[in-house]
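Thanks for asking me to look this one over. My notes follow as numbered points, to be read alongside the model.

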Amino acid sequence: MLDIKLIRESPKLVKANLAKRGSPEVLQMLDDLIAVDRQWRLNLTNLNDLRHQRKQVTIEIAKLKKAGNDAVSQMEKAKAIDAQISTIEKQVVEEEQKTRDYLMQLPNLLDDTVPLGKDSNDNVQIKTWGTIPQLSFPIKNHIDLSLGLDLIDMERAGKIAGSRFFYLKNQAALLDLALMSFAIEELTKKGYTPILPPYFMKREAYEGVTALADFGDVLYKVENEDLYLIATSEHPMAAMYMNEVLKEPDMPLKLAGLSTCFRKEAGAHGKDTRGIFRTHQFNKIEQFIFCKPEDSARLHEELLQNAEELLQKIELPYRVVNVCTGDIGTVAAKKYDIEAWMPAQNGYREIVSCSNCTDYQARRLNIRYREKDGAPTKGFPHTLNSTAIATGRTIVAILENNQQEDGTINIPNALRKYMLGIEKIDKKR
RNA sequence: GCCGGGAUGGCAGAGUGGUUAACGCGCGGGCCUUGAGAGCCCGUGGAUCAUCCGGUCCGCAUGGGUUCGAAUCCCAUUCCCGGCGCCA
């Protein structure tokens, strides 16, 4: 959520920034917001005047009654004012609601370093790491590889749950667990607090962390309950301190969340339909930070660095892109994606997403911070999030990058200790 | 799920139908001091209007209701504590 005061004071600045997103609807919304906010403040002043008058009448009535006098005419006056109040109150409530609706829909302000662009093709590559494997034999994709090794069963998952679900079996199941243990251990060593969050959130909390469109496109809702399945542990971590005030000595607050993630993938029809690259359910370790505004740019780089280190340790070639204005999404002010090399697709595919959300989520969630106990609040902290490891896509990358001519797969050295010392996935078990 | 108790500022905690959220702690500022502390004085929820002085409204978990008037009475909801039940 943007700061309404900033919008009032510097509408031109806000407008110029939002214009970079290339959406006429957003600019229209901003204009509408400014208009309704102006009207709201006008009506609020009127309403307060009426309430003041009403109070005076109440006082008069009390005096009259105390003195044992008749207060009929005052009572009638009170009624007349009440009628006016209720009319104008309706308008004020409506205007307030509209203001809030607009504020909840407007996207975050973009950082100056975000490249201008229309879609993901305009993302700017800022580095590459690792060597793309030169395979001297026909490359298999992760689906064919796993069929030969009995690692994934899509068919039976389809039978019981539908498309985009899967059973992980044998060494693939171990590999999923290994990736989680690996990521949690590495982040914990760096001082991140390991977190296993609730997998469900109420609407009120969820609205604080994500774009409203996600309620239709991404989130599964529990029938007859005010509960949504989480799409990432970023969400319960961000909402964890809703309506609270953090203390500066506790910041930056660094968390490492581990959860299964549930996503409807609405609108992804036809994309990545086979295999486990894009699924309704996957496991992910996520980094999350609450920090002082002045620290967020630096910590954004730290999160990226951490994510890169994990990929380097498991020896996956990747590149980093600075996500452009047309591809960045509602909540982020700046976002890096890491894309791992996927041999079967002969290209880089997103495997990590690393965002600085500035104060956008904190303002929605009403999370503030203060210097110390008793001191006045200083404002809203910044929030940042980044994938550490998303197991599904990482497994795809490991299978495809580490495949051998005989159909076996080498396990990266860093993961072996987390999966019974297995060095190589060969033969069916 | 049932029964009972509870929710008031950053914290602790009064107020239990009459206009002003007591007192304290913490925090900020000032006086004093070589400095710090102690002591003393002032301030310390939010929104909005006003160039300034300042004004108005809202705020006692949330949403409704009763009343001229609600932190206070009534109803519903949420969460917390205790007891019972169910349960991996």
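Which residues of the largest nonpolar core touch the most other members? The points below start there.

1. The ground rules come first. This is a predicted model, in which local features need pLDDT of at least 70, side-chain atom pairs count only at pLDDT 80 or more, and totals for chains, interfaces and linings use all residues. Residues are numbered from 1 along each chain as its sequence is written, chains are lettered from A and ligands numbered from 1 in the order in which they are written, and side-chain values use heavy atoms, with hydrogens and water left out.

2. Leu179, Ile285, Ile314, Ile338, Ile351 and Leu415 touch the most other members of the largest nonpolar core, which has 53 residues. A nonpolar core here is a set of buried Ala, Val, Leu, Ile, Met, Phe, Trp, Tyr and Cys residues joined through side-chain atoms within 4.5 Å; buried means under 20% relative accessible area (1.4 Å probe, protein chains only). Helix 7 (residues 170-189) gives the most to this core, with nine residues. Helices are DSSP runs of H or I, at least four residues long, numbered from the N terminus.

3. Ile314 is worth a click. Setting aside neighbours within four places in sequence, its contacts (heavy atoms within 4.5 Å) are Leu179, Phe182, Ile389, Thr394, Ile398, Pro412 and Leu415. There is also a second, separate core of 25 residues, with Val209, Leu246, Met251 and Leu365 among them.

4. Now to the RNA. Strand B is surrounded by 24 residues, and Arg8, Asn48, His52, Arg54 and Ile59 are the closest; a residue counts as near if one of its heavy atoms lies within 4 Å. Of the strand B atoms that come within 4 Å of the protein, 80% belong to sugar and phosphate.

5. Some individual pairs fit the polar contact cut-off (N or O atoms within 3.5 Å). Polar side-chain atoms of Arg41 and Lys372 lie 3.0 Å and 3.4 Å from a phosphate oxygen of strand B, while one of Asn48 lies 2.7 Å from a sugar or linking oxygen. Helix 1 (4-9) and helix 3 (24-66) each give two or more residues to this surface, and helix 3 gives the most, with 14 residues.

6. Finally, the cysteines. The whole structure has zero disulfides (pairs of cysteine sulfur atoms within 2.5 Å). For Cys261 the nearest cysteine sulfur, that of Cys357, is 16 Å away, and Cys261 is buried at 0% relative accessible area. For Cys291, the sulfur of Cys357 is again the nearest, at 11 Å, and Cys291 is buried with a value of 0%.

Key:
A polar contact is a pair of N or O atoms within 3.5 Å; within protein, one must be able to donate a hydrogen and the other to accept it, and residues adjacent in sequence count only if both atoms are side-chain atoms. Buried means under 20% relative accessible area, exposed over 50%, partly exposed in between (1.4 Å probe, protein chains only).
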